[in-house]
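The following exercises concern backbone geometry, helix packing and a chain contact. Each task is followed by a solution in steps.

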Amino acid sequence: MTTETLSDCPMSMRRLFSALSGGRLAGVSSRNFLKFAMLAVLGLPVLAHATDLESVNAATQAAQSAGDNAWMLTSAALVLMMTGPGLALFYGGLVRKKNVLATMMQSFIMMAVITVLWGLVGYSLAFGEGNSFIGDLRYLFLSGVGSAPNADYAGTIPQQTFMIYQLMFAIITPALITGAFAERMKFSAMLLFMVLWSLFIYFPMAHMVWGKGGLLNAFLGGKVPCFDFAGGTVVHITSGVSALVCALYLGKRVGHPSIDMKPHSMVLSFIGACLLWVGWFGFNAGSALGSSALATSAFVATHFAAATATLGWVLAEWIKHGKPSILGGISGAVAGLVAITPAAGFVKPMPAMLIGLLAGVFCFFMVTAVKQKFGYDDSLDAFGVHGAGGTLGAILTGVFATNLVNNGLKDASGNPAPLGWVDGHFGQVFNQLLGVAIAWVLAIVGSLALLKICDMVLGLRVSEEEEVEGLDISLHGEEGYIME
Amino acid sequence: MIKVEAIVRPSQLEAVKTALIDVGVDGMTISDVRGHGRQKGHTEVYRGREYTVDLLPKNKIELVLRDDQVEEAVNAILKAAATGKIGDGKIFLSKVDDAIRIRNQERGVAAL
C-alpha cells in the first residue's frame, strides 16, 4: 500500500520526502506521507528527523486504531442487539401467545451460554491456528487475548475486540435454529443441543472459513478459497440447514396443520425485524474489521439488498395472495439481509439489489410452495429463510464478487486478483458451491448425530399436555401477558 | 322494565354510546364479544398459510330501561350502529322482573 501510494505522487514530492526522511520509506503509511509533505511544504523541516517521523507514525496508527476500535465495539453491540431483542421479538411475535416467553428465552439464553463457552474454549477452537478444520487450544480461557492486535485477523484493533465481535456471531447462529423447533422442544434438551452444536458444527465451520489456515479461507491460505464476508455459510447455511434437520427429527407440533397457529403479535415481529435490519449493519459492515471504505461498501450493499428483497417478497405475495402483508415485508427484508451477508464486502450496489430481489422471491417460494409441498413443520421458517437465502447468497457471491470493491486478495505479482465471475473468474462459482456443500453436509450429519445424542440423554420434546398448555407455563412458570 | 342487548360493530361503539347518552340513558354495560351471524368471517394469510376467521370481534351493550325510554333508545342505537352492510349486529329486548341497587337496596324502577 505504501509503495503504491507513493508511486502516485509527483517525482519532486517523492524526492523531497525521500530526502527529508533520510530515505526511510519502508513502513511509512500514506497518511504519514501526506501529513509529512504538508509540514514540509509549510516550512517546518525541523520535523524531518527519523525519530520525529516515528512519533508521527505512531500517532497516526494510534488514531486509526481508535477509529477502527470505536466502530468495531459499536458493531459488536449491534450484533448482540440482533439476538436480544431483535430475533427474540421477531420469533416471539410469530408463535402463539402461550409460547412467547419460551421462544424469547431460547434466544436470550444463548447470550449467556454461548458467551461462557466462547470464553472457555470456543474462541480458541474457531480462531486458533490449528489444522484445516478446527483451531487449536492456544487461546484456551482467552489466554493471550488482550489489547495487542492479532495481525492475521485485524491488525488495528485489540484482539479482545475481535474476540468479542466474533462472539456475537456465535450467539445469534444457534438462536436462529430455534425458529425451527419453536413451541415443542424441552428447554434442557435445547441447551445441551446448542452447546454440542456450537462445539461440533459452528466452531469448526467458523475456523474453516475465517480461521487462519482454515480449509475455505480465501485470504489466509485455504485450499478451497471460498468468499464468505460475514457468514453466509458459517452462520446462515449451518443454522438454516440444521433447522430443517431439527424440524424433521422432532416432528410436527401437536395439531399441525389442522389447528390455527397464527402469529400472535405481528407488532412484536415487526419491531424485531426492524432491529435486525439495523443490527445487520454491525454484522456486515463490521465484518470489514475496521472503519474503512470497505465497511461503507458493505453497509451500502446490505441496505440495498434488504430493500429489494422486501419489494420482491411483497410483490410475489401480492400477486399470489392478493394482498401485500407486513409479515411478507419483514420476512423479505430478513431474506435479503441473509443473502447479502456472504457478498456484502465483495459486490457493488447494483448486484446487491439483484441479489436481494432474487432472495426475496426465492425465499417466498421456499416458505410457501416448497414447505407446503413437503409438509415439514419448520415453525418459523428458519430453513426457508436462512438455509435457502444463505445458499443463494453464497453462490451469487461467486458470480458478483469483484476486486473493484475488495482488493484484499493479490495474485502472484501483487496485483488485486480477479474474484468472481464478473471479474472473469468463473471458477469461483465452483469454489462457492464446494463451500456450500461442505456447510450443508456438516450441518446435516452433525445435527442428526447431536439430536440423536440429546434424544437419548434427555428426550427432545415436551409432553403433549405441556405442549398444549403452552411452554411459558409448563417450562418457565410464567405468562407473557397479564392484563388486569 | 326492559333489558336492551345490542351487538354492534366495534367501529360504531363510540357513536352508539354518544347517541344513547344524548337521549338520556345514564347507565350501560359494555363488553368485548366474538361471534357471527350471517356475516361469515374473513381469511387471513401468514406466509402463504390461510386461516379462516369465523368469529369476529363485536361489542355488546347492555341497558335496563324504563318502558317509556325503550323506543327512543332503540332508535338511537339503530341510527348510530347501522352502516347498511352485513355484520351491523342485532338488538334483543326482554322483560326484567326486578332490579336492586346494592348500595341502599332500592328496588324496581327506582334502582335504575
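**Exercise 1.** State in which element A:Pro85 lies, and describe the peptide bond that precedes it.

*Solution.* Step 1: A:Pro85 is placed in helix α4 (residues 50-94) of chain A; helices (H or I, at least four residues) and strands (E, at least two) are DSSP runs, numbered from the N terminus. Step 2: the bond from A:Gly84 to A:Pro85 is cis, its omega being near 10 degrees. Step 3: most peptide bonds are trans, and most residues other than glycine have a negative phi.

The model is predicted: local features need pLDDT of at least 70 and side-chain atom pairs count only at pLDDT 80 or more, while totals for chains, interfaces and linings use all residues. Residues are numbered from 1 along each chain as its sequence is written, and chains are lettered from A and ligands numbered from 1 in the order in which they are written.

**Exercise 2.** Locate A:Pro257 and give the omega of the bond from A:His256.

*Solution.* Step 1: A:Pro257 belongs to the loop between α8 (232-250) and α9 (266-284) of chain A. Step 2: the peptide bond joining A:His256 to A:Pro257 is cis, with omega near 0 degrees.

**Exercise 3.** Determine whether A:Phe141 and B:Gln105, which have positive phi values, are buried or exposed.

*Solution.* Step 1: phi is near 55 degrees at A:Phe141 and about 60 degrees at B:Gln105; neither residue is a glycine. Step 2: A:Phe141 sits in the loop between α5 (100-127) and α6 of chain A, and B:Gln105 in the segment after β6 (89-95) of chain B. Step 3: a residue is buried if 20 or more other C-beta atoms (placed from the backbone) lie within 10 Å of its own, exposed if 12 or fewer, and partly exposed in between. Step 4: A:Phe141 has 12 C-beta neighbours inside 10 Å and therefore counts as exposed; B:Gln105 has 8 and is exposed.

**Exercise 4.** Describe the packing of α1(B) against α2(B).

*Solution.* Step 1: the axes of α1 (residues 13-22) and α2 (residues 67-81) of chain B come within 8 Å and cross at roughly 150 degrees. Axes are lines fitted to C-alpha atoms, for helices over the stretch in contact, and angles run from 0 to 180 degrees between N-to-C directions. Step 2: α1(B) and α2(B) are therefore roughly antiparallel (under 35 degrees is roughly parallel, over 145 roughly antiparallel, 65 to 115 roughly perpendicular, the rest oblique). Step 3: residues in the contact include B:Ala15 and B:Leu20 of α1(B) and B:Ala73 and B:Ile77 of α2(B); two residues are in contact if their C-beta atoms, placed from the backbone, lie within 7 Å. Step 4: the contact of α1(B) with α2(B) comprises 9 nonpolar, no polar and 2 charged residues. Here Ala, Val, Leu, Ile, Met, Phe, Trp, Tyr, Cys and Pro count as nonpolar, Asp, Glu, Lys and Arg as charged, and the others, Gly among them, as polar.

**Exercise 5.** State how many residues each chain gives to the contact between chains A and B, and which element of chain A gives the most.

*Solution.* Step 1: chain A supplies 12 residues and chain B 6 residues. Step 2: α11 (326-340) and α12 (349-374) of chain A are the elements giving two or more residues to the side of chain A that touches chain B. Step 3: α12(A) gives the most to that side, with 3 residues. Step 4: the residues of this side of chain A divide into 3 nonpolar, 5 polar and 4 charged.
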